[in-house]
Amino acid sequence: MAAPLRVLACGDAEGRLEALFGRVRAIQDKSGRFDMLLCVGNFFGSTSDAEWTEYRTGAKKAPIQTFVLGANDQETVCYFPEFSGCELAENITYLGRRGVFSSTSGLQIAYLSGTESQDEPAPAYSFSSKDVTELKTSLLSTPNFKGVDILLTSPWPRDVENFANSPGKINTKKCGSTLISDLAASLKPRYHFAALEKAYYERLPYRNHMVLQETPQHVSRFIALADVGNTSKKKYLYAFSIVPMSLMDPAELVKQPQDVTENPYRKSQKEAQKTTKALVCAEEEPACQFFFDLNKHQGKKRPSDGKERGNSQPKQAKTPSQPTGPCWFCLASPEVEKHLVVSIGTHCYLALAKGGLLPDHVLILPIGHYQSVVDLSPEVMEEVTKYKSALKEFFRSKGKRYVLFERNYKSQHLQLQVIPVPLDCTSEDIKECFITQAQEQQIDLLEIPEHSDITQVARPGTPYFYVELDTGEKLFHRIRRSFPLHFGRAVLASPALLALPERSDWRRCAAGRAEEAAQALAFRRDFQPFDLALPE
């Protein structure tokens, strides 16, 4: 296979060129050279002149070959002198109003500048149905057309969240362009980038074929990027590697990830075709419910935007449920062994595990009563993530990496077990050990794709077992019948990893209260420089 190209994609620069190119330089200094930067959304802003003049005159130079889309409003049309595209400055190229750019390596990039317009001809900062039809025709008439590698647009496609994870506050039934939805459905981009909504959203990958009815095709990924330098620290730069479709092995190209969904535009396309052979801009019917496909087992996805599909009533914000009896882990409970607590945050706390596999075996626990990760409210989940990051830094400083697991089965209060292993235990070693021992016990332990999380594969109340490495790699098993309660601990204690088989059951590892308190004090002292609960 050909060497992959390394590409950066960027959301609305809004004229903040120093911030954008400064970030690009930092990334390249750390990770090596990238081949190109693709900018969608508003490259220029209302205050672009001062910074832009330095690049336009050659006083400064972009650190990477940069390709940008055109204006999205009348105010910035003046920055784009040539309708069909041109070099704006050294290393900065305006692609044009619409078309296809093919790199010397064979990468095919389709692009459409501006926002949707109902007028013909469209204003200089917009596109019309005629523009979309001509772009589609130029590509679909190509012999053996399979799709494009990348599609660049400024607006989002309408209804992109159908069947998939929620984009949060962005309502894709109202924002975005129906013309771009149709364009994406026809061009089948492997990656589609958009901006303008000042939000980061990476949609689950979707199919470009109908299962059992059409020949398998590659999947598409839609990624919306935020604005450069935004104060909310939303992601505005996206790095990825890609081998041009024309150079890929066909079997490799059509591989389907585990979390692939149905095409969000399929129903829209059918409705458009029924109405007219030409493109239309009418509102289209919402599609049916999303079902996550985990091999052949299916489960309805829990919406993450606080609303149930098909129900316009807003859902109440999640609050901790009340335990049905005494709980050993609710921090306010008298049953909690507080001498094991090593850090208390706003929503979560850390405690050493009772009968821990190792002296630094620690638990991340919510202060309130939540049964599992998928039940957590956003603010609690955010703090869990911060604790995971702090523990990663802490253990890495000691030449270790952590393995985290959760068993949402025969448990009442969420316990994220965090156990360090030596750094020379690679991610592949750890995953292989878990998967091999799972197979020996007829446990179907599957890897979740890197950009997905547990909330996309399990609904509240679903029993499951879940493993996460400090690299972000994850393994998941949906528990359908019984499950060995000490499985996660037993795998880590096995000869292939920690070689402590005699400590696979916590009840055999109980220590006296004085010893436990001493271990907690030692951990608290060592963890102090990394403890997010302490003032800086």
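**View 1. Helix α8 has the length you'd expect.** Helix α8 covers residues 427-440 (helices are DSSP runs of H or I, at least four residues, and strands are runs of E, at least two, all numbered from the N terminus). Its 14 residues should span 20 Å at 1.5 Å a residue, counting one less than the number of residues. The end C-alpha atoms are indeed 20 Å apart, so the two agree. This is a predicted model, where local features need pLDDT of at least 70, side-chain atom pairs count only at pLDDT 80 or more, and totals for chains, interfaces and linings use all residues. Residues are numbered from 1 along each chain as its sequence is written, and side-chain values use heavy atoms, leaving out hydrogens and water.

**View 2. The two faces of α8.** Ser427, Ile430, Lys431, Cys433, Phe434, Gln437 and Ala438 are the buried ones (under 20% relative accessible area, with exposed over 50% and partly exposed in between; 1.4 Å probe, protein chains only). They sit on the same side of α8 because they cover an arc of only 160° around the axis, taken from the directions from the helix axis to the C-beta atoms. Turned away from that side are exposed Glu428, Glu432, Gln439 and Glu440.

**View 3. What the buried side of α8 packs against.** Its partners include strands β20 (400-408) and β21 (416-422), plus helix α9 (487-493). Just after α8 comes Gln442, with a positive phi near 55°.

**View 4. Arg190, tucked into a loop.** Arg190 lies between α4 (178-187) and β11 (191-194), and it counts as buried because its relative accessibility is 12%. A polar atom of its side chain lies 2.7 Å from the backbone oxygen of Val243.

Definitions and conventions:
Contact = heavy atoms within 4.5 Å. Polar contact = N/O pair within 3.5 Å; in protein donor to acceptor, adjacent residues only side chain to side chain.
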